[in-house]
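Work through the following exercises with the sequence and the model in view. Try each task before reading its solution.

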Amino acid sequence: MTENNDGRNSSRNEGPDLIDDALRLVDTLQRKLLAAGVRRGVNAVTNPQPKGDVWEEAIRMESERERPPLEELAEIVRKSAPEVAGHLGRAGLSLAGALGRTWGVVERGLEQGRAEAERARAQREERERDDRARDERMRRESSTDDPSAGEEDESRGEA
């Protein structure tokens with residue numbers, strides 16, 4: 001009977017050890033999966049790529065033929081065109097906006113230049129009119145003050 005008890009005790013003792021080992025194994029596996037997930041990304045752990053055997057891999061690598069350059073170029077354009085078009089569109093809009101603002105500045109500058117030129121021309125014409133009027137007044141005053149001065153001017157002109 002002692003053997004039965006000993007046998008039962010030994011199997012009971014092994015039972016918890018087996019469960020502890022299994023729990024440790026699951027814990028270790030979870031830590032390794034978590035570390036692999038951090039390194040490779042969660043997608044690599046949750047959805048690993050199906051791998052074939054070595055023979056399948058060797059045949060796939062060997063059978064990859066070189067594609068014609070035109071086909072490679074078409075694939076590059078097909079993959080890159082949307083991104084490039086987006087960049088070019090945004091750059092074109094920025095350029096159009098900058099050109100519009102620049103044209104506005106140029107127009108304002110030209111309008112200010114025209115206005116200043118018009119003002120300067122009007123002032124010059126006003127000065128010239130004032131000078132002519134003053135000269136005319138001076139001529140009239142000098143001719144009314146000294147009648148002989150007018151005769152001298154005429155005699156100089158005839159001689």
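**Exercise 1.** Does Glu136 count as buried, partly exposed or exposed, and what is its relative accessibility?

Solution. Begin with the cut-offs, in which buried means under 20% relative accessible area, exposed means over 50%, and partly exposed lies in between (1.4 Å probe, protein chains only). Next, take the value for Glu136, which is 31% relative accessibility, so Glu136 counts as partly exposed. Then look for a partner: Glu136 forms a salt bridge (a side-chain nitrogen of Lys or Arg within 4 Å of a carboxyl oxygen of Asp or Glu) with Arg140, and the closest N and O atoms are 3.7 Å apart. Finally, compare their positions in the sequence: because Glu136 and Arg140 are 4 residues apart in helix α4, about one helical turn separates them.

Before going further, note that this is a predicted model, in which local features need pLDDT of at least 70 and side-chain atom pairs count only at pLDDT 80 or more, while totals for chains, interfaces and linings use all residues. Residues are numbered from 1 along each chain as its sequence is written, and side-chain values use heavy atoms, with hydrogens and water left out.

**Exercise 2.** Describe the secondary structure of the protein and the confidence of the prediction.

Solution. Helices (H or I, at least four residues) and strands (E, at least two) are DSSP runs, numbered from the N terminus. By this rule the protein has 5 helices and 0 strands, and along the sequence they give the pattern α-α-α-α-α. For the confidence, use pLDDT, the predictor's confidence in each residue, from 0 to 100; the protein averages 78, and 67% of the residues score at least 70. Among the elements, helix α4 (residues 69-145) has the highest mean pLDDT, 91, whereas helix α5 (residues 147-158) has the lowest, 52. Over residues 1-11 the pLDDT is below 50, and beyond near neighbours in sequence this stretch has 0 contacts in the model, a contact meaning heavy atoms within 4.5 Å.

**Exercise 3.** Which residues does Arg121 join in a network of salt bridges?

Solution. Start with the pair Glu125 and Arg121, whose side chains meet in a salt bridge of 2.8 Å, N to O. Because these two residues are 4 residues apart in helix α4, they are separated by about one helical turn. Glu125 is partly exposed, with a relative accessible area of 30%, and Arg121 is also partly exposed, at 31%. Now extend the picture, since the structure holds 10 salt bridges: returning to Glu136, its bridge to Arg140 has a distance of 3.7 Å, and elsewhere salt bridges that share partners join Glu118, Arg121 and Glu125 into one network. As a further example, Arg129 forms a salt bridge with Glu126, with the closest N and O atoms 2.9 Å apart, and both residues lie in helix α4, 3 residues apart.

**Exercise 4.** Which residues make the nonpolar surface patch of about 310 Å²?

Solution. The patch is made by Leu70, Leu73 and Val77. Patches consist of residues with over 30% relative accessible area and no salt bridge, where like charges are joined within 9 Å and nonpolar side chains (Val, Leu, Ile, Met, Phe, Trp, Tyr) within 5 Å. Leu70 is found in helix α4 and counts as exposed, at 65% relative accessibility. For the whole protein, 3% of the 159 residues count as buried. The protein exposes about 14800 Å², of which carbon and sulfur atoms supply 56%, with accessible areas taken from the Shrake-Rupley method with a 1.4 Å probe, and for residues only the protein chains shown count as cover.
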